[in-house]
Every structure is written in C-alpha cells, then in structure tokens.
Amino acid sequence: MEPTRDRPTIQPAEAPSLIVKGLDETGGGISVTVGQSRLLLLNGPVRAVDVTQPDVVLAKVVSPLDIVLTGRKAGSAELVLWDDHGRSQTIAITVAADLRALRAELEKVLPNTHVNVTMANTDIVVSGKVASAQIADQVTQIAGPYGTKIVNMMEVSGGQQVTLQVRFAEVSKTAVDALGVNFGSGSNSGFGANVIGGVEPFGITNPPNSAALILGVPSPGSAVTQFGQLTAGKTPFDIFLTAMKENNLLRVLAEPNLTTLSGNQATFLAGGEFPVPVPQSGAGGGGPAITIDYKQYGIRLTFTPVVMGDGRIRLQVAPEVSQLDYSNAISFDGFTIPALTTRNASTTVELNEGQTLAMAGLLNDQVKATNTATPLLGELPIIGALFRSIRYERDETELVVLVTPRLAAGVNPAQVPEMPGERWRYPNNAQLYFNGDLGGSVADLAHAPATTPPPRFQGSYGFVPAADPGPVGAK
C-alpha cells in the first residue's frame with residue numbers, strides 16, 4: 001500500500017512500538033458514544049483489522065493510515081490490528097450511551113420531571129424522585145433504547161404503603177330429598193330381597209351347624225331413617241327405609257386486612273392444612289414408604305398494589321375460597337383424602353384511594369337427581385315405589401368479594417390504642433360465685449358487677465363496648 005497525504009514512509013528500523021498514535025505503551029482504551037464516530041491515526045499501514053463485537057462498534061479503514069470507529073450500541077469490544085511488520089495491537093473499546101440525547105428526550109417528553117441519568121459500565125442508572133409510578137415507568141421506557149440495561153433507582157413521592165381491606169361473603173344452601181325402600185324375606189324354603197338404591201344391602205350367611213344358606217339381615221346404617229320387621233304367618237319380613245328431607249345453610253364472612261409496600265406482593269390465608277399421604281418409591285423391603293404432605297385450604301388473598309400517584313392505586317388481586325369436599329374423597333390403604341372445592345378470581349384494576357371493587361357473580365348452582373328402579377316393577381302404580389330409590393340434591397353457592405385499597409402510614413407510640421384485655425380485672429371468689437362476675441376492664445372497677453349488665457357490643461368492624469350506663473344508683 002502506498003502512503004498518502006505526503007506522509008513519510010516508515011522504515012522497519014524506525015517503526016514505532018504501537019500501531020495507533022496517541023496511546024501509551026500499555027495500549028490504553030478508547031471510548032466512543034453511540035451514534036458518534038472517532039478517527040484513529042496510525043503510525044503505519046495496517047494489513048488486517050478485526051472487531052470482536054461488530055454489533056457494538058463498527059471499524060472502517062478509510063485510508064492506509066486512518067480508521068474510523070462508529071458506536072452502534074452501548075457495550076464493550078476489542079479492536080485488533082496487524083501491520084506490515086507482523087506486529088499486532090489489541091485495543092479495548094467502550095461504547096457509552098448518548099446521555100445528552102437521552103436527557104434532551106426526557107426534557108422534551110416529560111418537561112416537569114427531573115431525574116438524574118448516569119452510566120455504570122454499560123448500564124444506564126436513572127435516579128431521583130418522580131410524582132407517580134406511571135411516570136417512573138415512562139422514564140424507563142424512554143431510556144430503554146439507549147442502553148443494554150436500565151437500573152431504576154427512582155423514588156415515587158407520597159405514601160408507598162397500601163392497606164387492603166377485603167370482605168368475603170359466602171352463602172351456601174343445600175337441599176336434599178331422598179326416598180328408597182329395601183326389604184327382604186326368608187324362610188326354610190327360600191329367601192329373597194330388594195336392594196335397589198343400596199339403602200341397606202342384605203347379605204347371605206351360613207348359620208353354624210347348618211348347610212343351608214339364609215338371608216343375612218344387617219344392622220341399620222347411617223342411610224337408614226326407619227326400619228322394622230313383621231311376620232306374615234311363619235315368614236318374617238325385614239324392611240329398611242330411607243325417607244329424608246334435609247336443608248343446610250352455610251354463611252361465611254371474613255374481613256382480612258393486609259398492608260404492604262407498593263410493588264410488593266402480600267398473601268393472607270384464613271384456613272388450615274390437611275394431610276395427604278404420599279407413597280415414596282425406593283424403600284427397602286415391604287411396601288413403599290408413606291410420607292405426609294400438607295395442602296392448604298380456606299380463604300386466601302393475594303394482592304400486589306402499585307401507587308400510581310394522584311391518589312390512584314393499581315391493584316392486582318386474586319382472592320380464593322376453598323373447602324374440603326368429602327363427597328368426592330378417595331380412599332386407599334386405609335387413608336381417606338378429601339377433595340377441594342375451590343372458587344377463585346384474578347383481576348387487575350385501578351382505583352382511587354378508598355374506592356371499593358366488588359367481585360360478585362361467583363354463583364355455583366348444581367342439581368343432582370338419581371332415580372334407580374327395578375325394570376317393570378318400578379313402573380307399577382303405587383306398589384312401584386317399593387322398587388324405586390330416588391335422591392334429589394341441589395347445591396347453591398354465591399360468593400361476593402369486596403376490595404378497598406387505602407394508603408397507610410405508621411402511628412406514633414402515643415397513638416397506639418389500648419389492646420382488648422390489656423388491662424384486665426379478675427374477679428374474686430365472692431364476685432364470681434355470688435354475682436356472676438367474669439371480670440372485665442379495669443375501667444369498670446367503679447361499677448358494682450352485680451347490677452351492671454354484661455357489656456353489649458356494636459360496630460361493623462371489631463367490637464366496641466356500648467355506652468357506659470354510669471355508676472350504680474346514679475339518677
């Protein structure tokens with residue numbers, strides 16, 4: 001390659017130790033800004049040029065003694081050069097984000113937001129205070145194209161603790177109608193039975209010292225509501241009857257309150273755990289080993305609040321209500337494992353502080369009807385009822401969940417209210433046996449317990465003693 005720009009040709013005897021001008025003997029490093037270029041001047045012509053990360057920096061030989069580096073994206077790379085004398089030089093290149101362009105973009109899009117933008121290696125660090133979480137999200141979205149990673153160290157002004165007041169209300173109604181008859185008869189000449197519907201299945205037994213089989217009469221089980229025996233001539237008849245009309249009502253009301261920081265998840269469970277046996281393989285000798293695993297059930301609440309500013313709260317809430325269901329239980333090796341009936345919901349909404357979200361309509365209405373009959377005999381009028389077993393069951397469940405988010409803050413020690421029972425008065429034997437006094441608050445010492453009625457309670461949240469009637473005998 002011929003030298004240009006009237007630059008003298010470097011002879012091998014006077015060739016410098018470095019290929020690139022302006023660098024120290026250790027090689028040094030070069031910084032380039034994204035979207036900008038830098039010109040490297042060489043001490044002599046180069047034979048080859050290579051870049052380890054071409055997507056980070058672009059190296060272009062514009063003349064035998066000039067190379068232009070252009071930053072493509074934030075990151076780091078290495079530039080390797082070989083000259084005509086067989087020497088090589090490796091140069092570390094750091095491509096930084098264009099922070100001036102980023103600051104100008106933030107000032108243009110969000111003129112009332114003032115944040116600090118700095119670099120940490122190849123990451124962009126954004127810090128400062130913003131008015132809401134929505135603005136913080138907008139800042140990170142704008143800064144995203146300028147760096148490989150955005151470190152969000154912004155603080156949202158205002159309250160950042162959220163208390164979620166939740167009310168679960170569930171009403172479950174069950175109606176069951178059942179009618180079935182099992183009867184049997186036996187004598188020395190033979191026996192027979194009707195076990196339609198399995199009200200009380202009869203069996204066959206072999207009495208001692210007898211080769212004949214006779215009809216076995218079982219003891220009444222839980223499904224039998226009436227039973228009896230009658231004798232026609234010398235033939236006994238055993239009758240088992242289930243005639244049941246049952247109505248059940250279940251009402252559940254829970255009011256859990258949870259407090260957490262903005263952006264953090266909080267979980268609440270009011271219920272319990274039931275054991276589930278789990279067979280384990282690989283046990284030596286005998287059958288498999290059995291371990292116990294516990295499954296949770298009850299009223300569960302999971303929510304994640306995000307304070308948006310201006311009194312608005314973005315809320316991701318997932319309530320769940322589950323209960324044990326023994327009607328669908330399974331049994332093995334002497335264990336009975338109940339099923340779980342679960343109702344849940346999940347949603348994300350935005351509410352003003354103090355507003356209430358109602359999640360209703362979780363209605364479950366089931367009807368189960370079973371009619372078991374003996375062919376032909378069960379279709380006869382009047383007498384056909386003896387050869388039929390009918391069960392009708394209806395379950396109706398409705399669940400309503402009310403959710404109210406509020407900004408929360410701690411209280412000073414002097415503002416902490418007195419806990420229920422914190423200052424308790426214990427009765428002596430005379431007060432306990434003669435006056436029926438079970439104790440109470442220390443504040444009630446001035447009142448005679450014999451004539452002071454038991455405290456009444458009022459209020460929709462917690463319990464608050466009713467108004468004090470005053471000392472005994474006061475007019």
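Visitor: Why is Arg312 called partly exposed?

Guide: In this predicted model, Arg312 has a relative accessible area of 30%. Buried would require under 20% and exposed over 50%, with partly exposed in between, so Arg312 is given the intermediate label.

Visitor: What makes Arg312 and Glu350 a salt bridge?

Guide: The closest N and O atoms of Glu350 and Arg312 are 3.4 Å apart. A side-chain nitrogen of Lys or Arg has to lie within 4 Å of a carboxyl oxygen of Asp or Glu, and therefore the pair qualifies. The bridge links distant parts of the chain, since Glu350 belongs to strand β22 (residues 347-352) and Arg312 to strand β20, 38 residues apart.

Visitor: How do you know that Arg314 also forms a salt bridge with Glu350?

Guide: The side chains of Arg314 and Glu350 come to 3.1 Å, N to O, and with the limit set at within 4 Å this pair therefore counts too. Here again strands β20 and β22 are linked, by way of Arg314 and Glu350 respectively, 36 residues apart. Arg312, Arg314 and Glu350 are accordingly described as a network of salt bridges. Glu350 and Arg314 are each partly exposed, with a relative accessible area of 35% for Glu350 and of 35% for Arg314.

Visitor: How many salt bridges does a search of the whole structure find, and what makes Lys73 and Asp55 one of them?

Guide: The search finds 7 salt bridges. For Lys73 and Asp55 the closest N and O atoms are 3.3 Å apart, and because the criterion is within 4 Å, the pair is accepted. Lys73 lies in the loop between β5 (66-71) and β6 (75-83), whereas Asp55 lies in the loop between β3 (46-51) and β4 (57-63), 18 residues apart. Lys73 has a relative accessible area of 39% and Asp55 one of 37%, and both are partly exposed because these values fall between 20% and 50%.

Visitor: Thr174 sits in strand β11 (residues 161-187); why does Thr174 count as buried?

Guide: The relative accessibility of Thr174 is 18%, and since buried means under 20%, Thr174 is placed in that class. Leaving aside neighbours within four places in sequence, Thr174 is in contact with Glu246, Asn247, Asn248, Glu393, Arg394 and Asp395. Over the whole protein chain of 475 residues, 27% count as buried.

Visitor: Which residues are closest to the centre of the second largest pocket?

Guide: The second largest pocket has a volume of about 460 Å³. Among its 19 lining residues, Gln323, Asp325, Ser327, Thr341 and Asp395 are closest to the centre. Elements giving two or more residues to the lining include β11, β21 (335-344) and β24 (388-408), while the largest share, 6 residues, comes from β20.

Visitor: Why is Asn344, in strand β21, called partly exposed?

Guide: Asn344 has a relative accessible area of 48%, and because exposed means over 50%, Asn344 remains in the partly exposed class. Not counting residues up to four places away in sequence, Asn344 touches Pro319 and Glu320.

Visitor: What makes Tyr294 eligible for the nonpolar patch on the surface?

Guide: Patch residues need over 30% relative accessible area; Tyr294 has 47%, so Tyr294 meets that part of the requirement. Ile290, Ile292, Tyr294 and Phe335 form the patch, with about 350 Å² of accessible area together, and strand β19 (residues 289-309) supplies the largest share, 3 residues.

Definitions and conventions. Residues numbered from 1 in each chain as written. Predicted model: local features only at pLDDT ≥ 70, side-chain atom pairs only at ≥ 80, totals over all residues. Heavy atoms only, no water. Buried < 20%, exposed > 50% of the residue type's maximum accessible area, 1.4 Å probe, protein only. Patch = residues over 30% accessible without salt bridge, like charges linked within 9 Å, V, L, I, M, F, W, Y side chains within 5 Å. Areas by Shrake-Rupley, 256 points an atom, 1.4 Å probe, with all protein chains shown as cover. Helix = DSSP H or I, 4+ residues; strand = E, 2+ residues; numbered from the N terminus. Contact = heavy atoms within 4.5 Å. 1 Å grid on protein atoms, 1.4 Å probe; cavity = no way out; pocket = protein on both sides within 12 Å on 5 of 7 lines; lining within 4 Å. Points joined across faces, edges and corners; volume = space filled by probe spheres on them.
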